[in-house]
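Biologist: I'd like to learn how to read strand pairing and chain contacts in a model. Can you walk me through it?

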Amino acid sequence: MAANKKGKIVQGERFAELRLEQVSRSFAGHVALDRLDLTISSGEFVALLGPSGCGKSTALNCLAGLLPLTGGSIWLDSKRIDTIPPEKRGFGMVFQNYALFPHMSVRRNIAFGLKMRKTPKAEATRRVDEAIKLVQLQEHAHKLPGQLSGGQQQRVAIARAIVFEPSIVAMDEPLSNLDAKLRLEMRTEIRRLHQSLGLTTVYVTHDQEEALSLADRLVLLRDGVVQQIGTPEEVYTQPKNRYVAGFMGYRNMLEFAVERELNGQAVLNGPGVHVAGVVRDNLVGGRAIAAIRPEDLVVGTVGENQLSVVVEVVEYHGREQSVQGRLGDGESVFFRTDKRLAPGDQVMLSVPTERVLLFSTEAAAAPAELVT
Amino acid sequence: MAAATGVRASGGATPSLRHRLAERGIDRHLWLLLPGVAFILLLFVYPFLYGLQLSFRPLKGGGVFANYKTFFSDSYLRDTIWITLKLGVPAAVLNVAASIPIAYTMRRWRRGRRTLTALLVVPITLGTVLTAEGLLNYVGPAGWFNKVLRNLHLVKDSVPLLHNYWGVFLSLVITGFPFAFLLISAYLSGIDPVLERAASTLGAGGWQRFRHVTFPLLAPGVAITFCLSFVLAFSVFPSAQLVGNPAGSTHVISIAAYHAALEQYDYPLGSAIAMVMAAVMLVIIGIVLLWRNTLYKGSSGGKG
């Protein structure tokens, strides 16, 4: 990826790749991050994704030097950096709660990193001006952070983290304190900044939509262990295991008996159910889990795959409705439809075979092996 | 329009008044202030005003300001101001200045913090008299301190730390430091530690983080702590008597007031000296608060 295409501000320390090797961190016996291996090339936007407690923030803090590692190493090309204190690492960091210095104006907050580096005054002024312009805060430059809205504060935090040309920008859930509308705006803003400056960015979030829309590559974590690393498309369409599938929007996880398996596909049977899908796992024990997105299910008998459900709850969402139904064996099925349905209705659902992913029922044990 | 408001006013004058008052925070809960207000009026404002008017009614006549003239014309009395300032200001400065690095370092401690805090608080609970007694035993000519120094052949006779300036100064530090330390610790705990972490990712080393981030946010608290420490030290009395030289180098202003009021039975002169004492304290506190006014005093949480 060609970094700094139009980069005026960021020309920081050049490097080819950042390598995390077997990076681990434990807290009083509890393993928060377990042997993370990750190589990030210059200019890349990598998102660490997972629910709270999955180790993503730990990984970011280890990377930024705010947490010492308990194992492994971090390399910037051939330079080992995990023993360098954060102030010498030169990584920019954006914090979840912004962490702006409340006693300094927007301008002084942004200038802080340059001041610490003893950048000549004229150059510092020029760069701060550029950064302020970049995040569109010209009118607020002399205000204190307390006088700004959440979105403006986060823009200051971003400007502050990139103004000194860091080799890497680490962002720790930067949008989670903003309301839905601002979150979308800031997401676009971050994407725009990344595209125009070519900043190597490591972004932590629990929001898969945010990760999918921003990142070049996703790292899915669970209980400190990597589940899958891949492009948004790979992770979205080819989740490696049941857990990743569940996290990426495969809300229906339905367990049925395997009727037959052939050429990477299998057919499952259940009461009122006949579903063929793509096998993504070693199916053992004669049963399998079918992962299906609610939006992939359609009402009606299209093709061979059929699920007979009784409608239980209908939520009105404007253009369509979100429906919860129940299968013959009592399992819940979530789907979306623009047809008017009422609780108690008996409907037939269909789904294209390539949209059904089949996982082993024992997938819960799999993650540790998947790392290697 | 006018008619409409008239109708409303006559229709429900009472609730609307109540609402208007409530909007300004005036409601029945204010009665809860009564005990506190009564306490301040009876035990502070009244005695103070009584003393103030008493100070203008000298026993021996000579005009309204005779007592003040006496105080400022008698160098033995006048010098008490400097003697007390010379004790109080350095003691307060030392207590605050020593508290800051210790509290700052201890902020990162997980274990042992409670024990050390408890240990530091003990001198406050003991009171000045017991501290003075301890000093008499410990740093006196026959105390451990001088014994050790003598046995190590560091001194020939003994270091004079009692019945002079240093005895009182030591006592002020022993009783004043824990107080300053507790206040500074409390102010420090109000500063979000994530700010220093942010500063470190921006390239600030340990000293720069303190200098540019933590100290500016702590400074208003430092000002208040200094004021309170100073007031505590300036009104020094028991230790000036017990471990000082109350007739000479530690003839502090409170001793002068006590002497006038309760040994010479000249209450008005005693009151006048107390008023001078109050004025000096107010001047020092005023200067510090003026400086504090120039500082950032808003929230010091991470959100800014």
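Modeller: Sure. Start with the idea of pairing: two strands pair if DSSP finds at least two bridges between them. Keep in mind that this is a predicted model.

Biologist: Okay, so which residue in β4(A) is the bridge partner of A:R19?

Modeller: That's A:W75. The bridge belongs to a longer match: β1 (residues 17-27) and β4 (residues 71-76) of chain A pair over 5 bridges, in the antiparallel sense.

Biologist: And what stands opposite A:W75 in β5(A)?

Modeller: There you'll find A:R80. Strand β5 (residues 79-80) of chain A runs antiparallel to β4(A), with 2 bridges joining them.

Biologist: How many residues lie between β4(A) and β5(A) in the hairpin?

Modeller: Just 2 residues, and A:D77 in that turn has a positive phi of about 55°.

Biologist: Now the whole sheet. What is the order of its strands?

Modeller: Read across it as β2-β1-β4-β5 in chain A: 4 strands, antiparallel pairing, an open sheet.

Biologist: Why is one side of β2 and of β5 in chain A left without a neighbour in the sheet?

Modeller: Because β2 (30-41) and β5 of chain A stand at the edges, and each has a single partner strand.

Biologist: Which helix packs on that sheet?

Modeller: Helix α1 (residues 56-64) of chain A, which touches β1, β2 and β4 of chain A. Its direction makes about 60° with that of β2(A).

Biologist: Zooming out, what does the domain assignment give for chain A?

Modeller: The assignment gives domain 1 (17-237) and domain 2 (251-370). Their C-alpha centres in chain A lie 38 Å apart.

Biologist: Last topic: the two chains. How do I read an interface?

Modeller: Its size is often given as the accessible area lost when the parts come together. Here we can count residues instead: 21 residues of chain B are in contact with 24 residues of chain A.

Biologist: Which elements give two or more residues to the chain B side?

Modeller: On chain B, those are α10 (194-201) and α11 (206-234). The largest share of that side comes from α10(B), with 6 residues.

Biologist: And how does that side of chain B split by class?

Modeller: The side of chain B that touches chain A has 9 nonpolar, 10 polar and 2 charged residues.

Methods: Residues numbered from 1 in each chain as written. Chains lettered and ligands numbered in written order. Predicted model: local features only at pLDDT ≥ 70, side-chain atom pairs only at ≥ 80, totals over all residues. Contact = placed C-beta atoms within 7 Å. Nonpolar A, V, L, I, M, F, W, Y, C, P; charged D, E, K, R; others polar. Axes fitted to C-alpha atoms, helices over the stretch in contact; angles between N-to-C directions. Domains from an automatic or database assignment.
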